[in-house]
Amino acid sequence: MRQMLFAGLAALAALPAAAMSPPAPGGQLDLETVMANPDWIGAAVESPYWSADGRSLYYALKRDGSKVRDLYRVDPASGQSVKLEPAAMAQAEGPAVFDRSHRHAAYIFHGDVFMLDLTSGRRVQVTQTTEAESSPRFSSDGRTLQYRQGISWFTYDLASGVTAPAAVLRFIDDPQAKEPDGLGREQLSLFKSLRENKSDKDAQRSRDDELIAADAGRAPKPIYLGEGGEPADTELSPDGRWMVVVTKPKGAKGGKRPEVTHYVTESGYAEQQETRTYVGRDDPAPQSLVLVDLKSAKFYPLKTDGLPGIKDDPLKDIRAKTIAALQKDGKSDEAKALKAPDLRAVRIVSNAEDGGGGGIAWSDDGQNVAIQLRAIDNKDRWIASVDFDKHALVPQHRLTDNAWINWNFNDFGWLKDGRTLWYLSEETGYSQLYTKSLASKAKALTSGKFEVSHPVLSEDGQWFYLRTNQVAPYSYDVYRVPTNGGALTRLTQYQGMDDFALSPDGRQLAVLHSSPYVLAQLAVQDAAGGAPRELTNTMKPEYTAHQWLQPQIVPVPSSHGAGTIWSKYYGPADAGAAASRPAVIFVHGAGYLQNVTLSYSNYFREQMFHNLLVQQGYVVLDMDYRASDGYGRDWRTAIYRQMGHPELEDLLDGKAWLVKNRGVDPKRVGIYGGSYGGFMTLIALLRAPGEFAAGSALRPVTDWTSYNHEYTSNILNDPQLDPEAYATSSPIMYADKLQDPLLMQHGLIDDNVLTSDTIRLYQRFIELHKSNFWMSLYPMERHGFVHPDSWYDEYRRIDELFNTYVKPVKQ
């Protein structure tokens, strides 16, 4: 997603630490082992991709005792993997793109552009720079290779070997086009020498224009786009004729950035670090579109006023209520600042500021372009094509959401005919795949109450390969569907499929898959389905030999009409004696994250900790509460303007399920989680006092007005516009309700959820004369802890909290 999402995920790569003794197979776990450097578990296979000739696969693997990733090459036929040493790395490849004839391939490796002749095997290094190049692709006629450096585009001529800028853009007024004012005209009329000088300059400019037009070997002349804007992104057409330029206001000032203090430093002095701004203090700068004709050196604004709904105010009722309240309080200036714009501001989805190029998609022949725009209020997403004759946007699709447009499921592009769009949309309530020719209605290629993602169009244009959870919300596999419509066919049977890559010839699938206690591994199979061939096994025997407790995926019924809350249960399957067991409810982070799956969890340490808790006599429930990923639009947006409220209902339903079905004592249930899970732990204790025996909130948001804009404004709008949503959703507003033991833990250099969140709530508890609350701070940790010593200390305290306040039988 491109944006700064709120993620409370455990760090997958840890710094070196002293080796811990692994548990004996089937033996007793201990906390030091669980929280040790995860190198003893193994390493996940990362970022697999095919070689250009389709004969090999590459993948990355973390090195033991280091964050360094080594590159490996594996033969899909034999399964033999080779770690590439530095000398061999010089001949390695990156993920390739191909020309239309499949005679040439191009790829980025160590930040430079390479081209490969697939017939002769000759490799050419196109660039050797200190800058990072990206986005290689062949022109529509196959004669040049295009690539970008930052937001500038370059072309490499295959015949001559010459590299040149595709365009030279200047965001100033053309100095030669300036007409003299009255004084200037008088000067020219008075002085012959000035007239001669001007005539000479005009003649030279005309001559330069003639030479550039007649000689393709000359660099293009600058195109002056005028004052007032600056570039945010560019996209060159494959035929080299057009460029779409995304601009933003020049010199837009950001809001004040809070700082975090590093107390433990190499210098020995405390050091300050700026972080991100608060929500509502630095709204994203609006963007505009310019269509540049590189042949004529003319440019044309692409106006957005024709987009359907662009002049509507989706926040009209909330805006009116807030403005009325401000006017009543005599705050007329603040009320005036909230006036709705006549035309809603937009940004281009996934532009270069967020990683490069994703908001603009050209057809392969360069004859059509599609642009994805998103309203800054994030209630609308549009896909528009461009009429090159009229220099205008032509709306093709509008997705509206009264809550917010999803961060995911925004993929789009063109079919091989260059005239038919494809895109993902949540318009039915679930992400599905659609096609649409420019002159007709859209056609749904998939439908149902499941999510479709990762669409990959086959090279022959006949198939879309997809990741879906059609079988069950927690079960993911690769499927395919014909591009002209037809049955959605399941190709893999893993249920824990994480990613895939289609071979260059479209005949094989490289599949990355995992399971609850097996890190991501690589397999290959026929693209039409069939038995897979496993290529890797990177797990360590000390880990795999242990008898891990498999989580049971259980359906928890919602008592609030939400349907099924899918959850992972750790513990005995029987009910046991009535009200005899203590329990812990774990709350995953990020809010919009799916943790109840059959894949390896980001929360692998927590999963081992849950094994340890069961060993100590607890049972554990891990729930995909409302707002979690994987369950459709309504599940995601249930928290709009009321974060923490539907989720708490689900957690309480989870507790009731444990009491009814697993013999849990309702007075002996603890709760914990990090990031959004920490926020929910606070909400659970402060909005449902007495329901939980104790809770531990790790790196929690306590006041949403101090979190970032990208995440928070989607769910709660801006705090100036919707203060009610922030008051409803922020734990600090319920601080007076604390009565159950609470442990708060936070990394001091957390630049995601700032430590000030925990400290401010701690101060509120002090002033409210509360008791049984504690805070532990970790001087060298950010949001995701990376040091095993910190992990151990953090969970030692959680373990002690539960053993003190949850496990004992209440008298």
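These legends describe close-up views of a predicted model.

**Figure 1. The whole chain in overview.**
The protein chain holds 15 helices and 45 strands. Its radius of gyration is 29 Å, close to the 28 Å that the globule rule gives for 811 residues, so the chain is as compact as a globular protein of that length. Along the principal axes, the C-alpha atoms fill a box of roughly 105 × 75 × 60 Å. Buried residues make up 53% of the 811 in the chain. Contacts between residues at least 6 apart in sequence were also sorted by separation, and 60% of them join residues at least 24 apart. The exposed surface of the protein chain is about 34,900 Å². Carbon and sulfur atoms supply 49% of that area.

**Figure 2. The stacked rings of Y59 and Y72.**
A search of the whole structure finds 37 aromatic pairs. One of them joins Y59 and Y72: the ring centres are 5.3 Å apart and the planes meet at 5°, so the pair is stacked. Planes under 30 degrees apart count as stacked. Y59 belongs to strand β2 (residues 57-62) and Y72 to strand β3 (residues 69-74), so the pair ties together parts that are 13 residues apart in sequence. Y59 has a relative accessibility of 3%, so it counts as buried. Y72 counts as buried too, at 17%. The cut-off for buried is under 20%.

**Figure 3. The stacked rings of Y147 and F154.**
Y147 and F154 form a stacked aromatic pair. Centre to centre, the distance is 5.8 Å. The planes are 20° apart. Y147 is buried, with a relative accessible area of 4%.

**Figure 4. An aromatic cluster, and arginines over tryptophan rings.**
Which residues do ring pairs link into a cluster with W404? They are W407, Y592, Y625, Y676, F679, W704, Y707 and Y711. R636 lies over the face of W404, 5.1 Å from the ring centre. Another arginine, R480, lies over the face of W463. Here the distance to the ring centre is 3.6 Å.

**Figure 5. R668 and the backbone of S580.**
R668 is found in strand β42 (residues 664-674). Is R668 buried or exposed? At 6% relative accessibility, R668 counts as buried. The side chain of R668 reaches the backbone oxygen of S580 at 3.1 Å.

**Figure 6. The surroundings of T536.**
T536 sits in the loop between β37 (533-534) and α7 (541-544). Its relative accessibility is 12%, so T536 counts as buried. The side chain of T536 makes a polar contact with the side chain of Q521, at 2.8 Å. A polar atom of the T536 side chain also lies 2.9 Å from the backbone nitrogen of L522. What does T536 contact, leaving aside its neighbours within four places in sequence? The residues are V45, Y59, Q521 and L522. Y59 is also the buried ring of Figure 2.

**Figure 7. A203 and its separation from G673.**
A203 is found in helix α4 (residues 192-214). The relative accessible area of A203 is 46%, so this residue is partly exposed. A203 and G673 are 470 residues apart in sequence. In space, the two lie 73 Å apart, C-alpha to C-alpha.

Key. Residues numbered from 1 in each chain as written. Predicted model: local features only at pLDDT ≥ 70, side-chain atom pairs only at ≥ 80, totals over all residues. Heavy atoms only, no water. Phe/Tyr/Trp six-rings, centres within 6.5 Å; stacked < 30°, edge-to-face > 60°. Helix = DSSP H or I, 4+ residues; strand = E, 2+ residues; numbered from the N terminus. Buried < 20%, exposed > 50% of the residue type's maximum accessible area, 1.4 Å probe, protein only. Lys NZ or Arg CZ within 6 Å of the ring centre and 35° of its normal. Polar contact = N/O pair within 3.5 Å; in protein donor to acceptor, adjacent residues only side chain to side chain. Rg over C-alpha atoms; globule rule 2.2 N^0.38 Å. Contact = heavy atoms within 4.5 Å. Areas by Shrake-Rupley, 256 points an atom, 1.4 Å probe, with all protein chains shown as cover.
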